[in-house]
Amino acid sequence: MARKLPRKDVVIVGLGWTGSILAHELTDAGLDVVAIERGPWRDTATDFNVAYAPDELRYAVRKDLFLQPAQEAMTMRNSTAQTALPMRDYGSFLPGTGVGGAGTHWNGHTWRFFPSDFALKTHLTGRYGEERLSGLQIQDWGVSYDELESAFDRFEYLCGISGKAGNLNGTIQQGGNPFEGPRKREYPLPPMQMTYAPTLFAEAARSRGLHPFPTPSANLSGAYVNPLGIAMGQCTACGFCERFGCANYSKASAHTTILPVLMRKSNFEARTECEVLKIKLAADGKTASGVTYTDVNGATFEQPADLVLLNAYSLFNVRLMLLSGIGKPYDPSSGEGVVGRNYCYQTNASAQVFFEGRSMNPFIAAGALGQTVDDYNGDSFDHGALNFVGGAGINCIPTNGRPIQYRPVPPGTPRWGSAWKKATKQYYNNTLAFSSQGSSYATRGNYLDLDPTYKDRFGRPLLRVTFDFPDNDIRMSNWVSDRMKEIADAFGGKQVVVGRQQKGWSSVPYQSTHNTGGAIMGTDPKTSAVNRHLQSWDVPNVFVVGACAFPQNAGKNPTGPVGALAYWAADSIRNHYLKNPGKLVEA
Amino acid sequence: MPPATSFTRRRFLSSTGLLVLIASVPGARAAEHSGTLPWKPFAALPPDPLPGGRWYVLTPDEARTVEAIVDRLIPADELSIGGREAGCASFIDRQLAGSYGSSERLYMQGPFTAGLPTQGYQGAETPTGRYRDGLAALNKHTRATLGGKAFFELAAAEQDQVLKDFEAGKVDYKPAAGFFNLVLQNTMEGFFADPIYGGNKDMAGWKFIGFPGARYDYRDYITAHNKPFPLPPLSIAGRPEWKTGDK
Ligand SMILES: Cc1cc2nc3c(=O)[nH]c(=O)nc-3n(C[C@H](O)[C@H](O)[C@H](O)COP(=O)(O)OP(=O)(O)OC[C@H]3O[C@@H](n4cnc5c(N)ncnc54)[C@H](O)[C@@H]3O)c2cc1C
Ligand code: SF4
């Protein structure tokens with residue numbers, strides 16, 4: 001029997017990026033908040049010691065900071081015709097665990113999506129006609145870029161993002177991204193200093209008439225004190241960044257931006273190493289009464305609360321909804337139901353240029369230090385004569401020269417022996433890589449549900465991921481690969497290799513932890529799980545925050561919009577819900 | 001299945017070192033943090049590599065076989081020492097002795113079914129089991145086809161050919177290619193991981209390609225474009241010349 005604990009105003013499931021933001025906002029509003037986090041306590045001083053943080057084997061290869069599949073795995077298949085099998089090890093994506101969540105070991109590319117992304121269906125049908133979207137389940141978000149602008153701004157100033165504005169109040173700025181939506185003010189910090197590869201990349205792109213700009217980065221270009229009064233330091237380009245915690249207080253994460261203030265509040269409490277098993281519904285099934293969770297010793301507890309916030313990362317938010325009976329599960333055969341609908345990912349490809357006689361020094365790097373070209377991203381370019389919608393950012397962001405995982409050699413090189421040694425020595429310092437990160441648009445057949453066979457250690461069904469790259473996205477990605485070839489040829493290197501995305505998403509090689517959809521926001525309860533305030537249509541005292549809200553994914557990393565949605569939901573709760581608890585939008 | 005937290009010993013220790021708590025909820029056991037940053041001096045957990053000088057998992061024959069393999073995968077030549085001298089076999093042995101070797105952190109519940117390549121490794125075998133099996137198969141294969149000799153008794157050229165056959169799955173052992181890939185992956189880990197884990201002797205793997213190792217501040221060199229990086233590599237344990245006395 002679960003032991004019942006004293007009631008709280010708010011229970012937050014997961015103390016990562018979004019959980020920390022919401023906890024801060026709602027405690028500021030005077031509420032009594034408890035966050036339940038299944039991983040351990042973590043912060044810079046305790047866990048990211050500068051003396052042994054640079055350990056590729058421990059953190060990047062054995063994945064010490066990540067969620068371990070023994071704790072929670074999921075199953076995958078490419079289509080409903082296949083039998084899903086467990087990802088016995090995480091590879092394609094690497095969910096986080098512990099205080100700070102995946103934001104502990106992220107890279108720090110911090111984007112706003114394009115204004116057109118938020119009204120994608122309206123925008124694309126208006127520009128290209130409805131048939132263009134056939135086979136795709138594209139939708140509007142129900143919230144506009146303009147409505148989110150101040151939330152983006154707050155997240156960027158919380159983090160101390162280093163970048164150059166490309167569009168200030170509608171005026172295009174030299175050196176920034178001319179395709180971005182208008183922002184009200186500059187980034188809090190100037191761009192990072194560029195290493196050699198991105199500098200070459202920008203020259204090559206510019207020579208082709210493109211518009212490279214410094215990637216907006218949560219690796220700080222200088223010292224910074226954020227609006228909460230928390231000080232951060234300059235990034236040292238250590239090259240042990242993504243997959244690692246930052247020992248320099250230079251990468252924005254919950255630890256370096258919020259927790260030092262949040263943890264001192266008397267109306268906040270964090271319970272770590274406690275896993276939420278279920279959101280409990282009241283007898284009428286129309287409100288949540290709290291959550292049940294288990295601690296490290298397997299004791300179970302019931303935490304009653306007036307408000308339940310799901311901040312467990314996109315995939316786990318969806319699983320918890322399915323396990324708790326919140327919202328109707330999506331059925332790909334009928335197209336009905338909403339929870340699990342519009343699961344999307346990211347459609348990527350890479351390019352390499354092999355030189356001779358260079359010192360690229362790939363080890364001087366940071367998670368988000370680089371240059372981006374958005375000329376072929378989103379709807380920045382005319383798709384009129386093309387056979388796809390969507391696009392990709394092209395990024396030259398060398399993140400590391402860590403040699404267990406980074407040893408580029410031209411195709412055809414043997415994998416071992418003397419010839420392998422020769423090529424490895426020759427190309428380690430002589431290779432420039434860049435890549436495309438493409439949009440992922442929803443189709444009827446890509447979705448999330450519960451697995452019928454495989455169970456977790458509590459005997460509950462694992463989440464099942466059914467996903468393959470849609471044909472539209474493959475056409476998009478291959479077209480962008482052709483554009484990457486044009487850029488790569490401009491370097492005058494010795495050899496150029498450009499990859500092409502193919503069907504058959506594999507769970508093995510790392511691609512990106514940018515899993516989106518599954519509990520999407522929208523204006524119609526038939527096609528969305530939460531309304532424009534991220535409030536469950538069915539259980540209005542449950543809010544679901546994360547990239548699971550994205551109706552489809554853009555050719556950009558998700559956390560900028562995720563952070564903005566956290567502020568947006570906090571405002572909805574503070575300014576609307578608390579005044580009049582109940583449905584904020586009538587269906 | 002081990003109990004929920006045994007595979008996170010490191011984390012478990014770190015959290016019990018914090019406030020193990022709970023005033024408000026008698027009987028509840030978890031780390032509960034409120035009103036303060038739960039930080040204690042020296043709470044951070046250093047890596048815990050195993051001491052060298054012995055074999056933990058591999059038998060003497062298995063160890064000799066692994067040493068012979070890693071020396072063909074990374075042969076000694078004018079570019080660097082070979083895999084054996086660099087300690088790759090001892091690195092592998094020590095990895096097998098830890099949570100890696102027993103797949104402790106992985107999802108190991110059945111049913112086990114052969115999957116598609118997109119679904120990753122689906123076997124029930126742990127890395128330790130795969131080594132045990134694969135090394136036996138390797139020596140069985142060479143004894144049967146190459147004059148009764150164990151792998152480590154063969155000439156280098158013969159060893160290379162046997163390894164190529166395993167890599168291509170052209171032997172009478174079904175998991176040959178998977179086993180080869182496992183050994184290749186672990187050998188590269190041993191050659192390029194921080195020397196504290198028993199391989200990469202004297203940072204030979206890092207010197208070989210020019211990786212400066214566990215340095216954490218490159219600010220003075222970010223804009224030194226196309227210039228060779230001037231400093232020698234550094235391990236988590238420092239540089240050999242910093243040490244006094246025995247290792
Ligand atoms: C290697 C890597 C690189 C990345 N790089 C970038 C990048 O450059 N740019 C970008 O935009 N994004 C990047 N991301 C993605 C980014 O980390 C996520 O978008 C972001 O952290 C999501 O925030 P969240 O609050 O939704 O989830 P998280 O930050 O992951 O927090 C969720 C928390 O909930 C906890 N939790 C889950 N289930 C339960 C449960 N049942 N009970 C209790 N607690 C639970 C988890 O332990 C976790 O701490 C990267 C991710 C990874 C892994
Ligand atoms: S690259 Fe910069 S932000 Fe990343 S871990 Fe190193 S110092 Fe921190």
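**Exercise 1. Place ligand 2 and describe its shell.**

Solution.
Step 1: Start with location. Ligand 2 lies between chains A and B. The model is predicted.
Step 2: Collect the shell. A residue belongs if one of its heavy atoms lies within 4 Å. For ligand 2, 13 residues qualify.
Step 3: Pick out the closest. They are C235(A), C238(A), C241(A), C246(A) and N248(A).
Step 4: Sort the shell by class. The split around ligand 2 is 8 nonpolar, 4 polar and 1 charged.

**Exercise 2. Which residues are the closest to ligand 1, and how does its shell divide?**

Solution.
Step 1: Collect the shell. Ligand 1 is surrounded by 36 residues.
Step 2: Pick out the closest. These are T18(A), E37(A), H109(A), V276(A) and T559(A).
Step 3: Sort by class. The shell of ligand 1 holds 15 nonpolar, 18 polar and 3 charged residues.

**Exercise 3. Find polar contacts of ligand 1, then its burial and the elements that line it.**

Solution.
Step 1: Apply the cut-off. A pair of N or O atoms counts within 3.5 Å.
Step 2: Check the oxygen atoms of the ligand. A polar side-chain atom of E37(A) sits 2.6 Å from an oxygen atom of ligand 1. W17(A) places a backbone N or O atom 3.3 Å from an oxygen atom of ligand 1.
Step 3: Check nitrogen. A backbone N or O atom of V276(A) is 2.9 Å from a nitrogen atom of ligand 1.
Step 4: Turn to burial. Ligand 1 taken alone exposes 1,000 Å², and the protein buries 99% of that.
Step 5: Assign elements. In chain A, α1 (17–28), β12 (275–281) and α10 (314–324) give two or more residues to the shell around ligand 1.

How values were computed: Residues are numbered from 1 along each chain as its sequence is written. Chains are lettered from A and ligands numbered from 1 in the order in which they are written. This is a predicted model: local features need pLDDT of at least 70, side-chain atom pairs count only at pLDDT 80 or more; totals for chains, interfaces and linings use all residues. Side-chain values use heavy atoms; hydrogens and water are left out. Ala, Val, Leu, Ile, Met, Phe, Trp, Tyr, Cys and Pro count as nonpolar, Asp, Glu, Lys and Arg as charged, and the others, Gly among them, as polar. A polar contact is a pair of N or O atoms within 3.5 Å; within protein, one must be able to donate a hydrogen and the other to accept it, and residues adjacent in sequence count only if both atoms are side-chain atoms. Accessible areas come from the Shrake-Rupley method with a 1.4 Å probe; for residues, only the protein chains shown count as cover. Helices (H or I, at least four residues) and strands (E, at least two) are DSSP runs, numbered from the N terminus.
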